[in-house]
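Visitor: I've got a model to look over with you. Can we walk through it together?

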Amino acid sequence: MFSLQLLALIFFSTPEDVKKGRRQGEGREEEKLRRGDLLVVPRTLFTHFGIYLGGDRVAHFIPDVMPVVSSDKGRIAQMVTNTRLLLGVLAKRGSVRVDSVEDFAYGSKILVNTPDKVCSRPALPGDEVARRAEQLRGHMTYSLLWYNCEHFVMYCRYGTVVSFQTFQFCKTARQLLLSRTVAKATAMLGGCLLLSAGALTTSSAVPVVLLPFLIWMAS
């Protein structure tokens, strides 16, 4: 349970974040939202996305384990907790659900249509964007990297399934892991392990040589 709480602290908003966000929003007039707007909410280490449907309703795709363990629609419709989110990530299950703007934002500031500035495709008409989001409502497979909330909204608004967050993560991971320094360190570590084991065979030498070679070629 402690590990789940720690991950929630890193990846999701905390109660303190919610209180802070609400204090910052007090006395400030909310921006007028239009049906089909793409809503962006910055979190601790990532950004959450949703599609505004009108009438204070937002469709957004989130990881959720509850549909896997229960068929009770009442329990599924309840506010999703951080534990449900994290277990949904591990189970690779999620749902496109509709919540109020306040529940969607969870105390954070909402940005509107900011991907319009970086996406090469023009945005679809607002009604078409909202219609796509409504049609996808329900449970489906979730992937933190390959199909998340950003993939969902990008399809709805621009007709393309892409995630700039995933691209940036993979780019950073490649720079950290697939480097010549890592290749050299892997080769040295493998050599030390072979020497300490005192058993040099073909089966043990091949992975020690192959792994650094592959990292070197990919760097």
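Guide: Sure, one term to start: two strands count as paired if DSSP finds at least two bridges between them. Keep in mind that this is a predicted model.

Visitor: Which residue in strand 3 does Y52 stand opposite?
Guide: Strand 2 and strand 3 pair in the antiparallel sense, over three bridges. Looking across from Y52 to strand 3, you land on V58.

Visitor: Which strands stand at the edges of the sheet?
Guide: The sheet is open, with six strands in the order 5-1-2-3-4-6 and antiparallel pairing. Two of them have a single partner strand each, so one side of each is left without a neighbour in the sheet. Those are strand 5 (111-112) and strand 6 (138-141).

Visitor: At about what angle does helix 8 run to strand 2?
Guide: Helix 7 lies across strand 2, strand 3 and strand 4, at about 110 degrees to strand 2. Helix 8 lies across strand 1, strand 2, strand 3 and strand 4, and its angle to strand 2 is about 40 degrees.

Visitor: How many of the ten residues of helix 8 are buried?
Guide: Helix 8 spans residues 149-158 and is mostly covered. Its buried residues pack against several elements, including helix 7 (126-135) and helix 9 (164-177). The count of buried residues is nine.

Visitor: Is C149 buried or exposed?
Guide: C149 is found in helix 8, and an unreviewed UniProt entry annotates it as "active site". Leaving aside neighbours within four places in sequence, C149 is in contact with T47, H48, F49, F61 and Y142. Buried means under 20% relative accessible area. C149 has 4% relative accessibility, so it counts as buried.

Definitions and conventions
Residues numbered from 1 in each chain as written. Predicted model: local features only at pLDDT ≥ 70, side-chain atom pairs only at ≥ 80, totals over all residues. Heavy atoms only, no water. Buried < 20%, exposed > 50% of the residue type's maximum accessible area, 1.4 Å probe, protein only. Helix = DSSP H or I, 4+ residues; strand = E, 2+ residues; numbered from the N terminus. Contact = heavy atoms within 4.5 Å. UniProt positions renumbered as here; feature names shortened; annotations may be inferred. Axes fitted to C-alpha atoms, helices over the stretch in contact; angles between N-to-C directions.
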